[in-house]
Amino acid sequence: MAFLQDPPRLDNQYDHDPLLKEYLARTLPPEVLASAVEEYRYLGDQAAGPLYRLMLEDLDHEPRLVQWDPWGRRIDLIELTPVWAKAKELTAEHGLVGAAYEQKQGPYSRVHQFALNYLVQASLDVYSCPLAMTDGAARTLLDLGNRALSDRAVPRLISRDPANAWTSGQWMTERTGGSDVGLTETVARQVDGGWTLDGVKWFTSATTSEMALTLGRPVGNPEGGRGLALFYVETRRADGTPNGISVHRLKDKLGTRKVPTAELSLAGTLATPVAGLTDGVRNISSMLNVTRTWNAVAATWLMRRAIALCQDYARRRIAFGRPLSEKPLHLDTLAQIAAEAEGAFHLTFRVVELMGKKEAGLATPAEELLLRVITPLAKLTTGKQAAAVTSEAIEAFGGAGYVEDTGLPRLLADAQVLPIWEGTTNVLSLDTLRALEKEGVAPALFEELEGRLVRLEGGRFFEEVKAVRQAIKSAQEWWGSVARDRDGLEAGARRFALTLGRSLELTYLIDHAAWCCERGDAPRAQAAARIFARRGVELIDRRLAFADARALALGTV
Ligand code: MFK
């Protein structure tokens, strides 16, 4: 019999995730954890077994746009894949959005909700995209205090009944671009006491949603983000016909192939202003902060999935006479990416903890300021990590990692969107600067780091604490030195933001390892902190002249 390689398999994604279990034991009150464990284990089992199998069987099936019915009526229906149909049910049944709003776990409701998602989403073909926007829409409607719209939409957005549950879109990107949203061309007109929108939305993810939040410029308003207004749109009218929305085509994307991302035009689309007729960009920012948090959690579950598959495969695959799990170089490679994944996990779930405290009304003012800046930091740092980790992970399978029907290349293709959508790394780096300029934010961030480092410095992680301290010092000195140099500040913004993001990750890794060590041997957690520190946290370059970089960047002499 010729040799046939065993494909990688998954074990229960809760039982076999020591980091998640440690983190939940450390963070959740025992009674909260005890009441949730059965559901975590159930989802961990579904994600490892039936859902993962369904996803692999359905690899080639993609959403399809049906523009016309057989009798010539324009219908613009999008047919979804079986995994997405199953995901819709699971979402409602397990409250993958709703759990955050039911507040059964009080300030821990967000940790609980995102633990559920972390366990299952890697087997749901990026159904997290509409859920992120649904969560963001519910939060935004509530935050902006529009009672009529909240009463109508929020119960559906957070519903536990699959037949009544809605999802929401977030239609921001136009042909003018995705970053500079202030260029939005959609025109809003007042008609008979209501409003209509006319324009083109160039990237609308999950176009099958029942509603969307979007931006339009009321006639006569000034240019830029302040002249835009935030609108609520239902995609179908009461009679079921499209609400002045035509779907031109679905995008042919590198990854997220199951997400029906469409180009739309709006022509006389009925819409309702959510909060006044200006400041649309500011008003949609609560949605952005929620979807950016989902983005960071998505980075963690994708890295976790990639590494879980690598770990299983390492035990099955025999090369040069021994399983890969006994090959030092292979193990070193896996340990490097696992350290990145663990760092990303801690930073992301710190954001989640603060979000839950804020929503329960229990966050201190300093914690709210901290949340403002660590949300973009988590999004930008983990997005880059997910793309790098999944690239390394598929290499760990050799050629099989590059062959589509193993399902493995999807890990990288899906991860590659994470640094792009919801604000690119550079946009998020500039958002970090914007956040740090707000009074009280920088002290809150440095206190978050220092408060932990002081506690940890005398312990067994002396070298690692020193590495973080050095990185923070460089970051602070650089920031002070470019205060009056706008070009220098902008040029270094990404390296500055990544230094802060990695410094936070290492600090949390050390803190977690110290906690684990107090409870006994903790080789994994200790190695995560040590290896992460050696990989480097500091990316500041104080001597780089912007003018030199410019010549190199543009290929001039
Ligand atoms: C699994 C994961 C799933 C994820 C699902 C994703 C699917 C959805 C796909 C998409 O929709 S991707 C498109 C996402 N688009 C973006 O993320 C936009 C990226 N661009 C930015 O974020 C720009 O920075 C921004 C549009 C905000 C810049 O626009 P402006 O008009 O130059 O804004 P400006 O003047 O900086 O800020 C306006 C106000 O908003 C300011 O407040 P004030 O008016 O009080 O001064 C800002 O402080 C505030 N603001 C901006 N960003 C904020 C914010 N406030 C809080 N948090 C933020 N993040």
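Guide: A cavity here is a set of points on a 1 Å grid where a 1.4 Å probe fits but cannot get out. The model is predicted.

Visitor: By this rule, how many cavities of 30 Å³ or more does the count come to?

Guide: Spaces of 30 Å³ or more enter the count. The largest cavity, at about 120 Å³, passes that limit, and so does the second largest, at about 40 Å³. By this rule the count comes to two.

Visitor: Which helix supplies the largest share of the lining of the largest cavity?

Guide: The lining has 16 residues, and Thr91, Ala92, Leu157, Ala165 and Trp166 lie nearest the centre of the cavity. At least two lining residues come from each of helix 4 (82-94) and helix 8 (147-157). The largest share, three residues, comes from helix 4.

Visitor: How do the lining residues of the largest cavity divide into nonpolar, polar and charged?

Guide: Among the residues nearest the centre are Thr91 and Trp166. Over the whole lining, the division is nine nonpolar, five polar and two charged.

Visitor: Which helix gives the largest share of the lining of the second largest cavity?

Guide: Gln13, Asp17, Tyr118, Leu119, Ala122, Trp301, Arg304 and Arg305 line this cavity. Two elements, helix 6 (109-120) and helix 9, each supply at least two of them. The largest share is three residues, and it comes from helix 9.

Visitor: Turning to the second largest pocket, which element gives the most to its lining?

Guide: This pocket holds about 680 Å³ of space. It has 31 lining residues, with Arg304, Ile307, Gln311, Ala338 and Arg524 nearest its centre. Two or more lining residues come from each of helix 1 (18-27), helix 9, helix 10 (328-359) and helix 18 (523-535). With nine residues, the element that gives the most is helix 9.

Visitor: From which domains does the lining of the second largest pocket draw at least three residues each?

Guide: The domain assignment of the chain gives domain 1 (18-138 + 284-415), domain 2 (168-282) and domain 3 (439-554). The lining of this pocket draws at least three residues from each of domain 1 and domain 3.

Visitor: Where does the ligand lie with respect to the domains, and why?

Guide: The shell around the ligand has 27 residues, and Ser179, Arg226, Asn289, Arg292 and Arg434 come nearest. Both domain 1 and domain 2 give residues to this shell, so the ligand lies between domain 1 (18-138 + 284-415) and domain 2 (168-282).

Visitor: What percentage of the area that the ligand exposes alone does the protein bury?

Guide: Several polar atoms approach the ligand. A backbone N or O atom of Ser179 is 2.9 Å from a ligand nitrogen, a polar side-chain atom of Arg292 is 2.9 Å from a ligand oxygen, and a polar backbone atom of Gly423 is 3.2 Å from a ligand oxygen. Taken alone the ligand exposes 1,200 Å², and the share of this that the protein buries is 80%.

Visitor: Which helix gives the most to the shell around the ligand?

Guide: By class, the shell has ten nonpolar, ten polar and seven charged residues. Helix 7 (128-143), helix 9 (280-316) and helix 13 (425-436) are the elements that give two or more residues to the shell. With eight residues, the one that gives the most is helix 9.

Key. Residues are numbered from 1 along each chain as its sequence is written. This is a predicted model: local features need pLDDT of at least 70, side-chain atom pairs count only at pLDDT 80 or more; totals for chains, interfaces and linings use all residues. Side-chain values use heavy atoms; hydrogens and water are left out. A residue is near a molecule or strand if one of its heavy atoms lies within 4 Å of it. A polar contact is a pair of N or O atoms within 3.5 Å; within protein, one must be able to donate a hydrogen and the other to accept it, and residues adjacent in sequence count only if both atoms are side-chain atoms. Accessible areas come from the Shrake-Rupley method with a 1.4 Å probe; for residues, only the protein chains shown count as cover. Helices (H or I, at least four residues) and strands (E, at least two) are DSSP runs, numbered from the N terminus. Ala, Val, Leu, Ile, Met, Phe, Trp, Tyr, Cys and Pro count as nonpolar, Asp, Glu, Lys and Arg as charged, and the others, Gly among them, as polar. Domain bounds come from an automatic or database domain assignment. On a 1 Å grid over the protein atoms alone, a cavity is a set of points where a 1.4 Å probe fits but cannot get out, and a pocket is an open set with protein on both sides within 12 Å along at least five of seven lines; lining residues have an atom within 4 Å of a point. Grid points are joined across faces, edges and corners, and a volume is the space filled by probe spheres set on the points.
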